[in-house]
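Student: I should like to understand how the terms used for a protein structure are justified. May we go through one example together?

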Amino acid sequence: MYTQAMDTLREEGGDKPALRTAEEAQLQQRFDNRIDAGEFIEAKDWMPENYRKTLLRQISQHAHSEIVGMLPEGNWITRAPTLKRKAILLAKVQDEGGHGLYLYAAAETLGTSRDQMLDALHSGKAKYSSIFNYPTLTWADVGAIGWLVDGAAIMNQVPICRCSFAPYARAMVRICREESFHQRQGYDSLLVMMKEGTEAQRAMVQEAVNRWWWPCLMMFGPPDDQSPNSVQGMRWGIKRVSNDTLRQKFVDAAMQQAEVLGVTFPDPDLRWNEATGHWDYGAIDWSEFWRVVGGEGPCNRERLAARVRAWEEGEWVREAALAHARKFDLKEAA
Ligand code: BYC
């Protein structure tokens with residue numbers, strides 16, 4: 001049932017498919033059967049090279065998103081309005097760092113080291129989510145990120161808990177549990193401002209929601225018919241639900257929550273569709289999405305520079321940790 005089109009072996013430098021050995025063909029068949037049966041693949045199991053590459057592409061991008069995602073909210077830790085909000089924000093940003101580490105560890109099981117992945121991020125080769133290239137201008141942005149960005153992240157990530165690659169699926173179970181609290185804290189923070197705040201605070205919330213809405217819809221990736229990786233990703237059980245389906249589920253859920261909150265979304269075409277049972281929404285500006293993904297978003301340079309600076313300034317910490325580990329090993333060996 002699963003096409004082998006993407007993982008046909010090619011002779012070095014040529015475009016003629018190389019012949020598979022009988023053993024490789026058998027391994028491939030076993031792998032396909034296991035995917036068909038909905039079994040999980042473990043790191044030590046045989047897998048086609050393109051399955052490994054696809055997973056590495058997605059998991060490293062996901063891990064980088066978590067650690068770059070610490071930056072926009074991290075900017076507000078020193079300016080949180082109360083001790084309670086500061087403690088919540090500190091814990092949330094720290095959780096994102098932890099999520100990055102679970103994911104780097106899952107990617108390492110596929111044979112790429114964390115240093116290699118970080119090199120790719122710092123040199124600008126590796127992608128991370130478009131959403132983190134937008135600025136956090138006011139305190140309401142922190143709530144809007146929690147509600148909308150984490151809300152979109154959960155919508156996308158819950159199906160990954162059933163991803164066919166077990167180390168990624170296991171990491172996602174832990175991540176999703178924490179993400180749901182992240183989303184709730186964001187919603188709660190906005191709710192307090194909307195229900196108990198001043199007129200200026202309500203206006204600040206609405207303004208933040210206006211800025212985050214469209215970029216959040218873009219988080220799910222290009223439309224299904226323009227998503228080059230979807231078909232194979234779904235066949236391999238890496239991706240369980242399509243970009244457009246998840247985007248629609250997100251819009252439907254967000255509309256209900258917006259009503260309770262008392263905010264609107266900046267889209268005159270949002271309309272309940274009796275026939276489909278979903279909210280219709282307006283056209284997404286995909287040229288903006290590709291600009292941001294291509295490095296030309298409002299904060300791409302700032303985010304990358306902050307990551308590189310943190311890496312360089314943290315060198316002495318890595319060296320000290322290694323020296324400590326070496327000393328510990330020597331003591332153990334003595
Ligand atoms: N940003 O064929 P497609 C979070 C790229 S939230 C940048 O549909 P695929 C957090 C895509 O990589 C975010 N690039 O790809 C929340 C591909 O380029 P390459 C992290 C994007 O993989 C709060 C090209 O466009 N979540 O962590 O089938 C605080 C064509 O796309 C984006 C994840 O990463 C984008 N938004 O589907 C802190 C979830 N969308 O790679 C942290 C895991 C698409 O061929 N990832 N592209 O050069 C996924 O589920 C999938 O990779 C995607 C894309 C749905 C994102």
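Tutor: The following dialogue sets values from this structure against the definitions of the terms. The model is predicted, so local features need pLDDT of at least 70 and side-chain atom pairs count only at pLDDT 80 or more, while totals for chains, interfaces and linings use all residues. Residues are numbered from 1 along each chain as its sequence is written, and side-chain values use heavy atoms, with hydrogens and water left out.

Student: What makes a residue part of the surroundings of the ligand?

Tutor: A residue is near a molecule if one of its heavy atoms lies within 4 Å of it. In this model 32 residues surround the ligand, and the closest are Arg 57, Gln 61, Lys 127, Ser 227 and Lys 239. The largest share of this shell, six residues, comes from α2. Helices (H or I, at least four residues) and strands (E, at least two) are DSSP runs, numbered from the N terminus.

Student: How is the shell around the ligand divided by class?

Tutor: The shell has 14 nonpolar, 12 polar and six charged residues. Ala, Val, Leu, Ile, Met, Phe, Trp, Tyr, Cys and Pro count as nonpolar, Asp, Glu, Lys and Arg as charged, and the others, Gly among them, as polar.

Student: What is the distance between the side chain of Arg 57 and an oxygen atom of the ligand?

Tutor: An N or O atom in the side chain of Arg 57 is 2.8 Å from an oxygen atom of the ligand. A polar contact is a pair of N or O atoms within 3.5 Å; within protein, one must be able to donate a hydrogen and the other to accept it, and residues adjacent in sequence count only if both atoms are side-chain atoms. The side chain of Asn 156 likewise has an N or O atom 3.0 Å from an oxygen atom of the ligand.

Student: Why is the pair of Trp 76 and Trp 139 called edge-to-face?

Tutor: Rings of Phe, Tyr and Trp (its six-membered ring) pair if their centres lie within 6.5 Å; planes under 30 degrees apart count as stacked, over 60 as edge-to-face and the rest as tilted. The centres of Trp 76 and Trp 139 are 6.3 Å apart and the planes stand at 65 degrees, so the pair is edge-to-face. Trp 76 is in the loop between α3 (70-74) and α4 (83-108), whereas Trp 139 is in helix α6, 63 residues apart.

Student: What other aromatic pairs are found?

Tutor: The whole structure holds 13 aromatic pairs. One of them joins Phe 31 and Tyr 51, edge-to-face at 4.9 Å centre to centre and 70 degrees between the planes. Phe 31 lies in helix α1 (residues 22-36) and Tyr 51 in helix α2, so this pair ties together parts that are 20 residues apart in sequence.

Student: Why does Arg 247 count as buried or exposed?

Tutor: Buried means under 20% relative accessible area, exposed over 50%, and partly exposed in between (1.4 Å probe, protein chains only). Arg 247 has 1% relative accessibility and therefore counts as buried. Arg 247 lies in helix α10 (residues 243-261), and its side chain makes a polar contact of 2.7 Å with the side chain of Asp 244.

Student: Which term applies to Asp 269?

Tutor: Asp 269 has a relative accessible area of 39% and is therefore partly exposed. Asp 269 lies in the loop between α10 and β1 (271-273).
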